[in-house]
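This briefing reviews the strand pairing, nonpolar cores, selected residues and one pocket of the structure shown below.

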Amino acid sequence: MYLYERFWGEPMEKRFKKMRRSEREISRDEIIEILEKGEYGVLATFGENGFPYGVPMSYVYVDGSIYFHVATGVGQKYENIKYCDKVSFTVVTHTKVLPERFSTEYESAIVFGNIVFEEDKLKALEKIANKYSPDFEVQGRKYALASVNKVDIYRLDIVHMTGKAMRK
């Protein structure tokens, strides 16, 4: 049983449409690779004012979830997540404009899921620091310890993912 079926009790096809350009669809393993190597992604939330809100985020993908650090209890992102915990997150890698073909090479992944407050902030901060500064593990741990009471951590539990690529 897929994770989204546990959440909503129905198969994915009833919640998410099939990809229109199916010839560009990539495998689950390729999607996970994009999530693991991406430098940043765009978190899309939905607000009480009826408008979506997309914000670029640093993140780390670990064991089927995505972790973010955010300001504690303030801001548009915080308000939107309080209002609606369903979000999407998009990562795009390996982009190259092909002007002579009026096209672009790319790889992209979009995940959908529920976002929750993460209790183990230190572990998540260390994973984020290790992703972005792998050669500074000791300093990253010190930075995480110094930051743990200054930020909140959210975990996006993925219920559906999709990805596509335009490659040579």
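Two strands are taken to pair if DSSP finds at least two bridges between them. On that basis, strand S1 (residues 41-46) and strand S2 (residues 52-57) run antiparallel and are joined by six bridges, with Leu-43 standing opposite Val-55 in S2. The model is predicted, and local features need pLDDT of at least 70.

**Strand pairing and hairpins**

- S1 and S2 form a hairpin with five residues between them. Within that turn, Gly-50 has a positive phi of about 90 degrees.
- Strand S3 (residues 60-62) runs antiparallel to S4, and three bridges join the two. Tyr-61 has Ile-66 in S4 as its bridge partner.
- S3 and S4 also form a hairpin, here with two residues between them.
- S4 and S7 run antiparallel and are joined by seven bridges. Two of the residues with a bridge partner in S7 are Ser-65, whose partner is Asp-157, and Phe-68, whose partner is Tyr-154.
- S6 and S7 pair over twelve bridges, in the antiparallel sense. Phe-117 has Tyr-154 in S7 as its bridge partner. Tyr-154 is thus named as a partner of Phe-68 and of Phe-117.

**Burial and nonpolar cores**

- S7 is mostly covered, with 13 of its 16 residues buried. S4 is mostly covered as well, with five of its seven residues buried.
- The largest nonpolar core has 25 residues. The residues with the most contacts inside this core are Leu-35, Leu-43, Ile-66, Phe-68, Phe-89 and Leu-156.
- Two or more residues of this core come from each of helix H2 (28-37), S2, strand S4 (65-71), S5, strand S6 (103-117) and strand S7 (151-166). S7 gives the most, with five residues.
- A second, separate core has ten residues, including Tyr-67, Ala-124, Ala-144 and Ile-153.
- Ile-66, one of the residues with the most contacts inside the largest core, has further partners along the chain. Leaving aside neighbours within four places in sequence, Ile-66 is in contact with Leu-35, Tyr-59, Val-60, Tyr-61, Phe-89, Val-111, Tyr-154, Arg-155, Leu-156 and Ile-158.

**Buried residues: Val-87 and Asn-80**

- Val-87 is found in strand S5 (residues 86-98). Val-87 counts as buried because its relative accessible area is 5%, where the cut-off is under 20%.
- Not counting residues up to four places away in sequence, Val-87 touches Leu-43, Ala-44, Thr-45, Val-111, Phe-112, Gly-113, Ile-115 and Leu-156.
- Val-87 and Asp-157 are 70 residues apart in sequence, while their C-alpha atoms are 9.7 Å apart in space.
- Asn-80 has its place in helix H3 (residues 75-83). Asn-80 is buried as well, because its relative accessibility is 2%.
- Leaving aside neighbours within four places in sequence, Asn-80 is in contact with Thr-45, Phe-46, Gly-47 and Tyr-53.

**Exposed loop residues with positive phi**

- Asp-63 is found in the loop between S3 and S4. Although Asp-63 is not a glycine, its phi is positive, at about 50 degrees.
- Asp-63 counts as exposed because its relative accessible area is 77%, where the cut-off is over 50%.
- Phe-102 lies in the loop between S5 and S6. Its phi is near 55 degrees, a positive value in a residue other than glycine.
- Phe-102 is likewise classed as exposed, because its relative accessibility is 78%.

**The second largest pocket**

- The second largest pocket has a volume of about 180 Å³.
- Its lining consists of Ser-58, His-69, Leu-125, Ile-128, Ala-129, Tyr-132, Ser-133, Tyr-143, Ala-144, Ser-147 and Val-151. Ala-144, one of these lining residues, also belongs to the second nonpolar core.
- Helix H4 (121-132) and helix H5 (137-147) each supply at least two residues of the lining. H4 gives the most, with four residues.
- By class, the lining has seven nonpolar and four polar residues, and no charged residues.

Notes:
Residues numbered from 1 in each chain as written. Predicted model: local features only at pLDDT ≥ 70, side-chain atom pairs only at ≥ 80, totals over all residues. Heavy atoms only, no water. 1 Å grid on protein atoms, 1.4 Å probe; cavity = no way out; pocket = protein on both sides within 12 Å on 5 of 7 lines; lining within 4 Å. Points joined across faces, edges and corners; volume = space filled by probe spheres on them. Nonpolar A, V, L, I, M, F, W, Y, C, P; charged D, E, K, R; others polar. Buried < 20%, exposed > 50% of the residue type's maximum accessible area, 1.4 Å probe, protein only. Contact = heavy atoms within 4.5 Å. Core = buried A, V, L, I, M, F, W, Y, C linked by side-chain atoms within 4.5 Å.
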